[in-house]
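User: Hi! I would like to learn how to read the features of a model like this one. Could you walk me through it?

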Amino acid sequence: MPLSAHLNTFAGNPLDRVSERRREPEWLADQLETEGTTVLAFWNGSALVQEGDGGPHLARIAPGLAVELAGGDERLLFMGLDEQGCAVFALDLEGGADPAEGLLRGRGRFANLRDLAPVLPASDCGMAASAKAVFEWRRRHRFCSACGQPTQVAEGGWKRLCPACKVEHFPRTDPVVIMLPVRDGRCLLGRQTSWAPGRFSALAGFMEPGESIEEACAREIKEESGLRTMAVRYHSSQPWPFPSNLMIGLIADVAPGEAQADQTELEAVRWLERAEVVKLLANEGDITLPPPRAIARQLSAFWGAAEPSG
Ligand SMILES: [Zn+2]
């Protein structure tokens, strides 16, 4: 059952994660031999998809084949139970040779999640985002960050243990604040040098240890535009599995003042009237917003459609 909150792309994984069962290795092993269990396949971060009548969807492979390809627990992730109570796993494949041209021939093609996001069903995007983020973490945490020894997979792929120093490692999620500064019926967008010509977006930055969401929002706005934040309103959040971010979408009321790009992170900032934002959302105007899969566009759409009060 989806929450009533605004659902961004990559949110909305429909599986029941039944996290308490991750600690039962025998139950997990049984699931891999139970009828109805299916496995999603990933290769170097790309998802195996098949073409259907309504467009591509995540391909499912049989658990027996997945176990054979995985060669042990290391590359398997227990994702949860679907609406029918059937287990869903994910398989992490690596290497230079495309498995869709080898052992998975005829079962689909591997595609990048950024490219898939606009065309994949929302529930598939959510599942793929979860699996990709955990697998990226797995690849980057094969060795214990405390003592340097190789780590071992545990709890269906959701934990890694160091057999030498006994430290437990968990998948990381790195929070990013992304916000639209607003004042007197206008909102501020910024532009990074590396972006495509004409692209403007919301301001954003990584949260730092010891910061609240509001403090990180105020700091980033100050750093990037010189403006002072007076109040912060939460809009929605978005898992962003490139590799493992959580985007926290905010609207920030800022104090009067001149906005100036810091010339480090941003090369330009621009105030826009509500009517201009509405035009940009209709792909009219001299600059462009990020695509619909990006929370920055959703923030702009929310503010653009709001009553003209702030
Ligand atoms: Zn260790």
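Analyst: Happy to. Let's start at a turn: in the hairpin of β4 and β5, five residues lie between the strands, and Gly-85 takes a positive phi near 85°. Keep in mind that this is a predicted model.

User: Where is Gly-85 placed, and is Gly-85 buried or exposed?

Analyst: Gly-85 sits in the loop that links β4 (76–81) to β5 (87–93). For burial, count the C-beta atoms around a residue; 12 or fewer within 10 Å means exposed. Gly-85 has 10 C-beta neighbours inside 10 Å, so it counts as exposed. Sequence distance and spatial distance are also worth reading side by side: Leu-15 and Gly-85 are 70 residues apart in sequence, yet their C-alpha atoms are 9.3 Å apart.

User: Which strands pair with β5, and in what sense?

Analyst: β4 pairs with β5 in the antiparallel sense over five bridges, and on this side Leu-81 stands opposite Ala-87. Strand β1 (residues 38–43) pairs with β5 in the parallel sense over six bridges; there, Thr-38 stands opposite Val-88.

User: How should I read the side chains of β5?

Analyst: The general idea is that side chains in a regular strand alternate between the two faces of the sheet. In β5, Ala-87, Phe-89, Leu-91 and Leu-93 point one way, while Val-88, Ala-90 and Asp-92 point the other way. Both sets are buried, and the strand is accordingly described as mostly covered, with seven of its seven residues buried.

User: What does Phe-89 touch?

Analyst: Leaving out residues up to four places away in sequence, Phe-89 touches Thr-37, Val-39, Pro-63, Ala-66, Leu-76, Leu-77, Phe-78 and Met-79. Phe-89 also belongs to the largest nonpolar core, a group of 70 residues, where it is listed with Leu-40, Ala-47, Ala-131 and Met-179 as having the most contacts inside the core. Helix α4 (residues 122–140) gives the largest share of this core, eight residues.

User: Why does this core lie between the two domains?

Analyst: Look at which domains supply its residues. Domain 1 (19–132) and domain 2 (174–305) both contribute to the core, so it lies between them.

User: How far apart are the centres of domain 1 and domain 2, and what makes up the contact?

Analyst: Taken over C-alpha atoms, the two centres are separated by 34 Å. Five residues from domain 1 and four residues from domain 2 form the contact. On the side of domain 1 that touches domain 2, the classes are four nonpolar, no polar and one charged.

User: What about sheet edges? Which strands stand at the edges of the sheet β7-β8-β9?

Analyst: To find an edge, count partner strands. Three strands form this open, antiparallel sheet in the order β7-β8-β9. β7 (152–154) and β9 (168–169) each have a single partner strand, so one side of each is left without a neighbour in the sheet. Strand β8 (residues 159–161) is joined to β9 by two bridges, with Leu-161 opposite Glu-168.

User: Back to backbone angles. What should I expect, and where does this model depart from it?

Analyst: Most residues other than glycine have a negative phi, and most peptide bonds are trans. Here, Val-18 has a positive phi of about 30° although it is not a glycine. Val-18 lies in the segment before α1 (25–31) and is partly exposed, with 16 other C-beta atoms within 10 Å. Asn-283 also takes a positive phi, near 60°, in the loop between α6 (274–281) and α7 (295–305). With 8 C-beta neighbours inside 10 Å, Asn-283 counts as exposed. For the peptide bond, look at Phe-242 and Pro-243: they are joined by a cis bond with omega about 5°. Pro-243 is in the loop between β13 (229–240) and β14 (245–254).

User: And how does the whole protein look in numbers?

Analyst: The protein has seven helices and 15 strands, and its C-alpha trace spans about 65 × 50 × 35 Å along the principal axes. Of its 310 residues, 35% are buried. Among contacts between residues at least 6 apart in sequence, 66% join residues at least 24 apart.

How values were computed. Residues are numbered from 1 along each chain as its sequence is written. This is a predicted model: local features need pLDDT of at least 70, side-chain atom pairs count only at pLDDT 80 or more; totals for chains, interfaces and linings use all residues. A nonpolar core is a set of buried Ala, Val, Leu, Ile, Met, Phe, Trp, Tyr and Cys residues joined through C-beta atoms within 7 Å. A residue is buried if 20 or more other C-beta atoms lie within 10 Å of its own, exposed if 12 or fewer, and partly exposed in between; C-beta atoms are placed from the backbone. Helices (H or I, at least four residues) and strands (E, at least two) are DSSP runs, numbered from the N terminus. Domain bounds come from an automatic or database domain assignment. Two residues are in contact if their C-beta atoms, placed from the backbone, lie within 7 Å. Ala, Val, Leu, Ile, Met, Phe, Trp, Tyr, Cys and Pro count as nonpolar, Asp, Glu, Lys and Arg as charged, and the others, Gly among them, as polar. Two strands pair if DSSP finds at least two bridges between them.
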